[in-house]
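I opened this entry to record what I looked up in one structure. The notes are kept in the order in which I took them up.

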Amino acid sequence: MKKYSYFQLFSYVFSILFIIAVFFYWKIEIKEYVIVSNVSIKIALGISVIVSLVCFFFIYKKPTFNKEIKNLLIFPLALIMIIFILVYFILSNIVYFTSGEISSYKSSYSYVEGRRSCSGIKINDESEGEVKICAKIVHGNIYETGNAEVLKKTNAIGFELISAKTY
């Protein structure tokens with residue numbers, strides 16, 4: 001019989017709370033302002049497929065793995081989704097915390113309401129197409145259509161929206 005200590009219990013609880021806090025920080029502070037480029041998303045999807053197939057190969061070799069058709073189909077797909085979410089999380093953090101070239105451009109905008117996310121403006125970016133900017137970083141009147149000047153930090157993986165000013 002194993003004896004568990006309070007130190008082990010506290011370390012598990014602290015680890016779980018830390019992971020939850022990091023996720024909420026990412027959801028509130030990083031996710032709304034970072035846009036990962038389409039090329040980086042395709043590379044992340046390819047990496048997640050390869051890593052999940054390698055992991056599935058090692059799990060499949062275990063004698064305790066239930067080799068039903070349902071498990072053979074669902075398990076690799078679940079691994080692909082989980083690994084892709086982790087890789088996207090890492091990529092968006094890299095874009096947010098690394099330096100890049102700061103640039104600005106002007107574009108027309110329109111107001112967009114947010115159901116589950118923040119409301120703001122929708123602009124046409126020269127590299128990524130239509131981009132939504134939350135009202136938290138937009139200065140000026142967002143409820144009318146017009147022009148906006150967007151300030152962003154760009155690096156090889158994607159870009160971070162710093163601010164926008166409507167006029």
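The entries below concern a nonpolar surface patch, aromatic rings and cysteines in a predicted model.

**Entry 1: surface patch**

I looked up which residues make the nonpolar surface patch of about 1,100 Å². I noted Y6, L9, F10, V13, I16, L17, I20, F23, F24 and I28 as its members. I then took L17 as one of these residues and located it in helix 1, which spans residues 6-30. Is L17 buried or exposed? I recorded a relative accessible area of 52% for L17. Because the cut-off for exposed is over 50%, L17 counts as exposed.

**Entry 2: aromatic rings**

I next asked how many aromatic pairs the structure holds. The count comes to 10. I examined the pair formed by F14 and F18, whose ring centres are 6.4 Å apart. The angle between the two planes is 25°, and because planes under 30 degrees apart count as stacked, I entered F14 and F18 as a stacked pair. Where do F14 and F18 lie? I placed both in helix 1, four residues apart, which is about one turn of the helix. For F14 I also noted a relative accessible area of 57%, so this residue is exposed.

I then turned to the rings that are linked into a cluster. Ring pairs connect F23, F24, W26 and F89 in this way. F23 and F24 had already appeared in my list for the nonpolar surface patch.

I made a separate note on F159, whose ring has the charged end of K152 sitting over it. The distance from that charged end to the ring centre is 4.4 Å.

**Entry 3: cysteines**

I asked how many disulfides are counted. There is one disulfide, and I found that it joins C118 to C134, with an S to S distance of 1.8 Å. Which parts does the pair tie together? I located C118 in the loop between strand 2 (101-112) and strand 3 (120-125), and C134 in strand 4 (residues 129-134). The pair therefore ties together parts that are 16 residues apart in sequence. The torsion about the S-S bond of C118 and C134 is about -55°, so I recorded the disulfide as left-handed.

I closed with the accessibility of the cysteines. C118 has a relative accessible area of 17% and is buried. C134 is buried too, with a value of 2%. Buried requires under 20%, so C55, at 33% relative accessibility, was entered as partly exposed.

Terms used. Residues are numbered from 1 along each chain as its sequence is written. This is a predicted model: local features need pLDDT of at least 70, side-chain atom pairs count only at pLDDT 80 or more; totals for chains, interfaces and linings use all residues. Side-chain values use heavy atoms; hydrogens and water are left out. Patches are made of residues with over 30% relative accessible area and no salt bridge: like charges are joined within 9 Å, nonpolar side chains (Val, Leu, Ile, Met, Phe, Trp, Tyr) within 5 Å. Accessible areas come from the Shrake-Rupley method with a 1.4 Å probe; for residues, only the protein chains shown count as cover. A salt bridge is a side-chain nitrogen of Lys or Arg within 4 Å of a carboxyl oxygen of Asp or Glu. Helices (H or I, at least four residues) and strands (E, at least two) are DSSP runs, numbered from the N terminus. Buried means under 20% relative accessible area, exposed over 50%, partly exposed in between (1.4 Å probe, protein chains only). Rings of Phe, Tyr and Trp (its six-membered ring) pair if their centres lie within 6.5 Å; planes under 30 degrees apart count as stacked, over 60 as edge-to-face and the rest as tilted. A charge sits over a ring if NZ of Lys or CZ of Arg is within 6 Å of the ring centre and within 35 degrees of the ring normal. A disulfide is a pair of cysteine sulfur atoms within 2.5 Å.
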